[in-house]
Amino acid sequence: MISIKEYIVNKADLSRRDFVKIFGVSASVFLLPQVKSFAATNKKPNILFLFSDDHAYQAISAYGGRLAKVAPTKNIDRIADEGMIFQKCYVTNSICAPCRAVIQTGKHSHLNGVITNGKTFDNRQQTFPKLLQKGGYQTAIVGKWHLKSRPTGFDYDEVLPGQGAYYNPVFIKRGEKVKHEGYNSDITTDLGLKWLKDERDTDKPFMLMLQYKAPHRNWQPGPDHLTLFDDVNIPEPENLFDDYSGRGTPANTQDMSIEKTMNPKDNKLITPRGLTPKQLEKWNAAYGPKNEKFKKAELEGKELVRWKYQRYMKDYLRCVRSVDDNIGRVLKYLDDTGLAGNTIVIYSSDQGFYLGEHGWFDKRFMYEESFRTPLIARWPGHIKAGSSNRDLVQNLDFAQTFLDIADVEAPSDMQGSSFKTILEKGKAPSNWRKSLYYQYYEFPATHSVHRHEGVATDRYKLIHFYDIGEWEFYDLKKDPAEMKSEYDNPKYADKVEELKAELEKLKKLYKVTPPPPLRERKPKSGKPRDKKY
Ligand code: SGN
Ligand code: CA
């Protein structure tokens, strides 16, 4: 058996992928003089939670799929190569602020109070960062927060107000507004790295939540990537022109389609505001010629939808590229400082997103693309490199998992389960959950998705749009794209009953309370939709 040293000397003969498969980390980790063997360290691990907003798993090349070749995410993939990729991580309520509140508390929306984006998080309640602090951790949050109240449980907080701006954003640094010049994903990384380098107490383990605004609507790319993909054709999903005939009212009446909802501002036919003259010059040089070409083409019907899809996806994937570049910077920092060996790095997004599937953008529905979210983790010495897991995990589990990793006891009123065993053993214990509970509450609201709750197992999904008394049922093995509800198919009658019973069981388990009465639908007001197409 050769020593690691000899191995590194010869490592030029091996690919990075081979190296990490054997050792669980990249070679650079071993090359650092500061690094002791990870097995030898008894220090509590650092936790680095890298999080983005609306980053669909379909846009991470480690997940494969139609975009993997055209738009690789090499740095996020590196986390997967050196760690574990979860194929079945789901959210409890597919919308931004609610997901963030679930992660903070380890409790479903009806208990943490943030059932919709409109609610303010009660920051006096128990959260996992507060418990980590008590357990001796230094905690920080940098980037998008979106819970309205000031973050609590953090030794350091530097967050965006609301959604935040892509260009030249204001951040709220420990309660004070500070304006920055530059691109949001770069600045978020700069601020996170600054905290790691200069501001934290190096005697303590840290937990940093580094939370990107990108690639949220309206998908403004950074100055480095304004022309990326210009000459590329982005593959379309098979159901880009879904006619919703196999489903009920909600899929037919939503307002989140590329065809009808996506507007000229989304597609950069209108120049975004808030750029400096220099940024604007670069922007116009990139978008001016493409927009001229589009106007001359006078597209209509399906051709127009196809063009909008291309423009949407290119901008979205450009935003993703900046996130990926910045993740690369963070990973390099961990390598260069020797922190990589004793830090668990997690990559996830607040929820999934439609990238043209069903003809949509946005999220909210319990259909796979928005119900499922990416989850990738690297932890040298604990997670086997290059592993993939198919157990059902949920963002509800994050709080307890982080506490478990930090060896801090989780309070019994948290509702998830730690998946540390999955990380370390590669599979869940035999009593692991077999089904997931979901509820979405935000209606009437932007994008017009009816309220619903549901249950999902490894194979089946039952959805109840309770305000309108409609049910849907899917067999994901036969119909992975969820094109036809089988709720009325007698062949599935027993399964439907079984899932109805399971739904009731989960509602009891999670102490689900009735949703608030449905708000009156406000008369359509506000800005008329731009009809320039
Ligand atoms: C904004 C977006 C919506 C999006 C919500 C919620 N419109 O209102 O498309 O669904 O945020 O997003 S925009 O024209 O202002 O971009 S969330 O990620 O914060 O839940
Ligand atoms: Ca979001």
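These legends accompany several close-up views of a predicted model.

**View 1. The shell around ligand 1.** Let's start with the ligand. A set of 14 residues surrounds ligand 1, and those that come nearest are Cys96, Gln163, Asp362, Arg364 and His447. By character, the shell divides into seven charged, five polar and two nonpolar residues.

**View 2. Polar side chains at ligand 1.** Here the focus is on oxygen atoms of the ligand and the side chains beside them. In the side chain of Gln163, an N or O atom is 2.7 Å from an oxygen atom of ligand 1. For Asn117, the distance between a side-chain N or O atom and a ligand 1 oxygen is 2.8 Å. Lys363 likewise has a side-chain N or O atom 2.8 Å from an oxygen of ligand 1. On its own, ligand 1 has 460 Å² of accessible area, and the protein covers 77% of it.

**View 3. The largest nonpolar core.** Which residues touch the most other members of this 64-residue core? They are Tyr312 and Tyr316. Several elements each supply at least two residues of the core, including strands E1 (46–52), E4 (138–143), E8 (206–211) and E9 (343–349). Among the helices that do so are H4 (74–81), H8 (184–199), H10 (277–297) and H11 (301–337). Helix H11 gives the largest share of this core, with 14 residues.

**View 4. Around Tyr316, and a second core.** Setting aside residues up to four places away in sequence, Tyr316 touches Asp54, His55, Ala56 and Ala59, along with Pro215, Trp219, Phe353 and Leu355. Apart from the largest core there is a second, separate one of 42 residues, with Met84, Phe86, Val159 and Ala399 among its members.

**View 5. Helix H4 and its surroundings.** Why is H4 described as largely enclosed by the rest of the structure? Seven of its eight residues are buried, so the rest of the structure largely encloses this helix. The buried residues of H4 are Asn75, Ile76, Asp77, Arg78, Ile79, Ala80 and Asp81.

**View 6. Ala140 in strand E4.** Ala140 is found in strand E4. Its relative accessible area is 0%, so Ala140 is buried. Beyond its neighbours within four places in sequence, Ala140 is in contact with Phe154, Tyr156, Trp195, Met207, Leu208 and Met209. Asp335 is 195 residues from Ala140 along the chain, and the C-alpha atoms of the two are separated by 20 Å.

**View 7. Leu196 in helix H8.** Leu196 lies in helix H8. With 2% relative accessibility, Leu196 counts as buried. Not counting residues up to four places away in sequence, Leu196 touches Phe206, Leu208 and Tyr333. The C-alpha atoms of Leu196 and Val159 are separated by 16 Å, with the two residues 37 apart along the chain.

**View 8. His108 between two helices.** This view turns to a loop. His108 sits in the loop between helix H5 (96–105) and helix H6 (109–112). Is His108 buried or exposed? His108 is buried, because its relative accessible area of 2% is under 20%. Leaving out neighbours within four places in sequence, the contacts of His108 are Thr92, Val102, Leu396, Gln415, Tyr437 and Tyr510.

**View 9. Ser387 in strand E11.** The last view shows Ser387, which lies in strand E11 (residues 387–389). Ser387 has 14% relative accessibility and therefore counts as buried. When residues up to four places away in sequence are not counted, Ser387 touches Gly83, Met84 and Ile85. Met84 is also included in the second core of 42 residues.

Methods
Residues numbered from 1 in each chain as written. Chains lettered and ligands numbered in written order. Predicted model: local features only at pLDDT ≥ 70, side-chain atom pairs only at ≥ 80, totals over all residues. Heavy atoms only, no water. Near = heavy atom within 4 Å. Polar contact = N/O pair within 3.5 Å; in protein donor to acceptor, adjacent residues only side chain to side chain. Areas by Shrake-Rupley, 256 points an atom, 1.4 Å probe, with all protein chains shown as cover. Nonpolar A, V, L, I, M, F, W, Y, C, P; charged D, E, K, R; others polar. Core = buried A, V, L, I, M, F, W, Y, C linked by side-chain atoms within 4.5 Å. Buried < 20%, exposed > 50% of the residue type's maximum accessible area, 1.4 Å probe, protein only. Helix = DSSP H or I, 4+ residues; strand = E, 2+ residues; numbered from the N terminus. Contact = heavy atoms within 4.5 Å.
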